[in-house]
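Let's take a walk through this chain, from the whole fold down to a single residue. Have the viewer open as you read.

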Amino acid sequence: MGDGMGDGTEKGMEYEEISTEEELRELVGPANSVVFRKASPVLRAHETEWIRNSPFCLVATAAADGSCDVSPRGDPPGFVRILDERTLALPDRPGNRRLDTWRNVLQNPRVGMIFVIPGRGDTLRVNGRARLVRSAPFFDEMVVRGHRPDLALLVSVEEAYFHCAKSFMRAKLWDPESWNPEAVSSRARIARATEWTEASLESLERRYGPEYERFLYPESP
């Protein structure tokens, strides 16, 4: 179990593993050809409209050793700039400075992005190759609340297509009656248990309280 995965016999359980694509296809069945035809190597009118109205996306990357990361990114709608039908630019904003996404891109340029519009169950996926840039004319168009990014992710689009709403519908993601944010510990309690272990709960409640928004866009020098 050197790869960190179980051998299928943990606690007396036995798993029947799928190890080939043939086995997988036999179990799941054939795909409708339309799901492959919908993919485009460029951003067309609907993809462009979607990105310009999306305030949130997920960025998936992998390092050279195969370790993966999925990072949430959010800003006012249209924060991911469309430079042309084959090129996107995503600004960096202040975060935890782990730099997982950026370090991965330096090792492996392949990226996948999912663009979300609140209230919509369908999503847009964009796959491509990325690189980091520290200056470009479009940086001036990425200023939010006085913050100009120090770097941006430049994505060369290779494939773009829309996902249907089934997963969001199953999750009832936008149905307020399904929401239960109090089911889990508060952000302050999670932080005290996993990060700021020496800090008091009271100080962390202040840190992650209403004042937290003040630190989203520190003004650039």
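## The chain as a whole

A quick definition to start: a residue is called buried if its relative accessible area is under 20%, exposed if that area is over 50%, and partly exposed in between. By that yardstick, 34% of the 221 residues of the chain are buried. Keep in mind that this is a predicted model.

Along its principal axes, the C-alpha atoms take up a box of roughly 60 × 50 × 40 Å. The chain exposes about 15300 Å², and 52% of that comes from carbon and sulfur atoms. On the charge side, there are 30 positive and 35 negative side chains, with the centres of the two sets 6 Å apart. As for contacts between residues at least 6 apart in sequence, 61% of them link residues at least 24 apart.

## Order of the elements

How many helices and strands does the chain have? It has seven of each kind. Reading from the N terminus, they come as α-α-α-β-β-β-β-α-β-β-β-α-α-α.

Helix α1 covers residues 21–28, eight residues in total, and the number of them that are buried is zero, so this helix lies largely in the open. Right after α1 comes Gly29, with a positive phi near 100 degrees.

## The sheet

The seven strands form an open sheet with antiparallel pairing, in the order β2-β1-β5-β6-β7-β4-β3. Which strands stand at the edges? They are β2 (68–74) and β3 (81–84); each has a single partner strand, so one side of each has no neighbour in the sheet. From one strand to the next, the twist averages 30 degrees.

Zooming in on one edge, β3 runs antiparallel to β4 (residues 87–91), and three bridges join the two. Arg81 has Ala89 of β4 as its bridge partner. As a general reminder, strands in a sheet pair through backbone hydrogen bonds, whether parallel or antiparallel.

## A look at Pro218

Towards the other end of the numbering, Pro218 sits in the segment after α7 (201–207). Is Pro218 buried, exposed or partly exposed? Its relative accessible area is 38%, and because that value falls between the 20% and 50% cut-offs, Pro218 counts as partly exposed.

Leaving aside residues up to four places away in sequence, Pro218 touches Pro94 and His147. Val144 is 74 residues away from Pro218 along the chain, yet their C-alpha atoms are separated by 9.6 Å.

How values were computed. Residues are numbered from 1 along each chain as its sequence is written. This is a predicted model: local features need pLDDT of at least 70, side-chain atom pairs count only at pLDDT 80 or more; totals for chains, interfaces and linings use all residues. Side-chain values use heavy atoms; hydrogens and water are left out. Helices (H or I, at least four residues) and strands (E, at least two) are DSSP runs, numbered from the N terminus. Buried means under 20% relative accessible area, exposed over 50%, partly exposed in between (1.4 Å probe, protein chains only). Contact means heavy atoms within 4.5 Å. Two strands pair if DSSP finds at least two bridges between them. Axes are lines fitted to C-alpha atoms, for helices over the stretch in contact, and angles run from 0 to 180 degrees between N-to-C directions. Accessible areas come from the Shrake-Rupley method with a 1.4 Å probe; for residues, only the protein chains shown count as cover. Lys and Arg count as positive and Asp and Glu as negative; His and the chain ends are not counted. The place of a charge is taken as NZ of Lys, CZ of Arg, CG of Asp or CD of Glu.
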